[in-house]
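Please walk me through this structure in the viewer, one selection at a time. Tell me what to pick next and what I will find there.

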Amino acid sequence: MTQRIQSWLESANSPETDFPLNNLPYGAFHVAGGDLHAGVAIGDYILDVSALEQTGQLDLPESGIFARGTWNDFMALGSDVWDSFRKHLTAALSKGAAQKSAFETHLVAMADATLEMPFTVTEFTDFYAGRHHAFNVGSLFRDPANALPPNWLHIPIGYNGRASSVVVSGTDITRPNGQLKSPDAEMPVFEASKRFDLELELGAIVGKPSKGRVSVQEADDMIFGYVLLNDWSARDIQAWEYQPLGPFQAKATATTISPWIVTKAALEPFRASTPPREKELLPYLTEPGPMLYDIDLEIGLAPEGKSETILSRTNYNVMYYSPAQQLTHHTTSGCPMRVGDLLGSGTISGPEKANRGSLLELSWAGKEPLTLDTGETRTFLEDGDTLTLRGASKGDGYRIGFGECAGTLRPAAPLE
């Protein structure tokens with residue numbers, strides 16, 4: 001296991017921080033309404049790389065890469081630059097580095113910064129790649145004997161979502177209105193969703209474009225990094241609209257991501273393999289090595305003004321399909337991938353009830369209400385609830401964390 005790298009910044013050496021020198025995740029921030037700057041999280045601080053670029057203290061092949069304050073232009077430079085940039089920052093922030101005096105003048109206290117979207121999302125595709133989640137949902141709406149669709153064990157199932165509604169952690173979420181129809185009603189009604197839910201996911205960010213089909217290894221090489229992702233879902237809207245073409249407005253309300261992009265390089269020591277296959281995959285989906293990661297995950301729910309209850313804990317290593325397999329399949333039709341494309345993993349649920357990644361599963365479609373630590377119960381989300389996803393890979397005396405992926409549910413817009 002890789003050892004913790006010591007930094008001259010003491011808060012980065014704490015075993016409790018999400019942001020040791022081994023991590024160096026990428027984000028965007030501003031201070032007191034100022035311009036948007038690109039930054040790197042390190043301990044309790046943000047290293048202002050936009051400011052460092054302006055002073056010529058970064059190892060970059062061209063100027064103006066961080067002028068917009070986001071990471072798309074940097075991603076487009078390719079993996080050789082990704083690697084050299086990370087090595088440059090690691091060396092400059094390591095204990096005893098000659099650059100200490102120059103770099104510490106560009107540190108901003110995390111507490112003083114407002115975090116924004118770290119990159120511009122080009123397209124968003126959401127998958128359905130968790131074996132336990134797919135089985136639970138299929139058991140609820142069909143039966144355990146026919147829980148998985150016939151194609152599920154052969155193909156990473158996904159749908160094209162809305163890039164326009166991807167938002168950064170801390171953004172309030174408005175309960176959606178939509179068409180709902182109860183089983184015994186002749187006609188649908190238009191009103192606020194009553195069965196609004198979360199989905200615990202991991203998002204993979206494409207950093208290299210493609211034309212034509214790519215292999216699983218090439219797909220893995222294309223991935224720049226990862227974010228936590230909550231794909232908010234209106235279950236009652238979805239139940240009425242999803243046949244025959246799948247999710248539409250039920251999934252278009254919002255998708256929240258964590259504010260820090262954890263690079264693939266930071267997660268490399270935590271590689272994990274996908275599980276044994278129940279059906280042999282077609283050769284184009286064969287993985288050349290471990291393509292998942294060992295990332296502990298949890299979901300917290302806090303009613304308005306009250307303390308948080310941890311609803312679930314699981315690990316990303318339970319997924320059936322890896323992001324590289326998902327990306328490979330995405331290109332099989334010749335579909336081009338672009339810098340800034342975002343791929344949601346699908347709901348991450350483990351084998352036990354305590355590992356489930358959505359309220360649909362945790363409350364078994366509302367039949368088994370959850371009791372919170374406050375004494376209240378939940379089947380689905382109520383207005384004022386704050387949902388927080390957390391995740392970290394744990395090394396020897398350090399953790400590679402994502403920061404919080406949080407959002408508070410607000411009441412639906414009034415019906416006219």
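Which element gives the most to the lining of the largest pocket? Select helix H5, residues 131–141: with five residues, H5 gives the most to that lining. Before going on, please keep in mind that this is a predicted model.

**Stop 1: the largest pocket**

Keep H5 on screen and add strand E6 (124–127), strand E7 (158–160) and helix H7 (235–241); each of these four elements supplies at least two residues of the lining of the largest pocket. The pocket has a volume of about 920 Å³. It is lined by 32 residues, and the closest to its centre are Tyr128, Val137, Gln238, Tyr242 and Pro247. If you colour the lining by class, you will find 15 nonpolar, eight polar and nine charged residues.

Now pick tyrosine 128 from that central group. Tyrosine 128 is in the loop between E6 and H5. Is tyrosine 128 buried, exposed or partly exposed? Its relative accessible area is 22%, so it is partly exposed. Draw a distance from its C-alpha atom to that of glycine 158: the two residues are 30 residues apart along the chain, yet these atoms are separated by 5.9 Å.

**Stop 2: a cis peptide bond**

Follow the chain past H7 into the loop that runs to strand E16 (255–257), where you will meet proline 244. Zoom in on the link between glutamine 243 and proline 244: the peptide bond here is cis, with omega about 10°.

**Stop 3: the second largest pocket**

Next, select Asp18, Phe19, Met110, Leu115, Ser169, Gly170, Pro259, Trp260, Arg390, Gly403, Glu404 and Ala406, which line the second largest pocket. About 250 Å³ of space lies in this pocket. Try colouring by domain: domain 1 (10–116) and domain 2 (123–410) each provide at least three residues of the lining. By class, the lining splits into six nonpolar, three polar and three charged residues.

**Stop 4: aromatic rings**

How many aromatic pairs does a search of the whole structure find? There are 19. Begin with phenylalanine 74 and phenylalanine 224: their ring centres are 6.1 Å apart and their planes stand at 70°, so this pair is edge-to-face. The two residues come from distant parts of the chain, 150 residues apart, with phenylalanine 74 in helix H2 (residues 72–75) and phenylalanine 224 in strand E14 (residues 223–231). Both phenylalanine 74 and phenylalanine 224 are buried.

Stay on E14 and select tyrosine 226 together with tyrosine 293, which is in strand E19 (residues 292–293); these two are 67 residues apart and again link distant parts of the chain. Their ring centres lie 5.3 Å apart and the planes are at 70°, so this pair too is edge-to-face. Tyrosine 226 counts as buried at 1% relative accessibility, and tyrosine 293 counts as buried at 0%.

Now widen the view around Phe74 and Phe224. Tyr26, Phe66, Trp71, Trp82 and Phe85 join them in one aromatic cluster.

**Stop 5: charges over rings**

From the cluster, choose tryptophan 82 and show lysine 208, which lies over the face of the tryptophan at 5.9 Å from the ring centre. For another example, go to tyrosine 321: the charged end of arginine 277 sits over its ring, 5.5 Å from the centre.

While you have tryptophan 82 in view, step to valine 81, which is found in helix H3 (residues 79–93). Valine 81 has a relative accessible area of 13%, so it is buried. Leucine 60 is 21 residues away in sequence, and the C-alpha atoms of the two residues are 7.3 Å apart.

**Stop 6: an enclosed helix**

Select helix H9, residues 323–330. How many of its eight residues are buried? Eight of the eight are, so H9 is largely enclosed by the rest of the structure. Among them are Pro323, Leu327 and His330.

**Stop 7: two positive phi angles**

Finish with two loops. In the loop between strand E1 (26–30) and strand E2 (37–42), pick alanine 32. Its phi is near 55°, a positive value in a residue other than glycine, and alanine 32 counts as exposed at 78% relative accessibility. Then move to tryptophan 364, in the loop between helix H10 (359–362) and strand E23 (370–371). Tryptophan 364 is not a glycine either, but has a positive phi of about 50°; at 22% relative accessibility, tryptophan 364 counts as partly exposed.

Conventions. Residues are numbered from 1 along each chain as its sequence is written. This is a predicted model: local features need pLDDT of at least 70, side-chain atom pairs count only at pLDDT 80 or more; totals for chains, interfaces and linings use all residues. Side-chain values use heavy atoms; hydrogens and water are left out. Rings of Phe, Tyr and Trp (its six-membered ring) pair if their centres lie within 6.5 Å; planes under 30 degrees apart count as stacked, over 60 as edge-to-face and the rest as tilted. Buried means under 20% relative accessible area, exposed over 50%, partly exposed in between (1.4 Å probe, protein chains only). A charge sits over a ring if NZ of Lys or CZ of Arg is within 6 Å of the ring centre and within 35 degrees of the ring normal. On a 1 Å grid over the protein atoms alone, a cavity is a set of points where a 1.4 Å probe fits but cannot get out, and a pocket is an open set with protein on both sides within 12 Å along at least five of seven lines; lining residues have an atom within 4 Å of a point. Grid points are joined across faces, edges and corners, and a volume is the space filled by probe spheres set on the points. Ala, Val, Leu, Ile, Met, Phe, Trp, Tyr, Cys and Pro count as nonpolar, Asp, Glu, Lys and Arg as charged, and the others, Gly among them, as polar. Domain bounds come from an automatic or database domain assignment.
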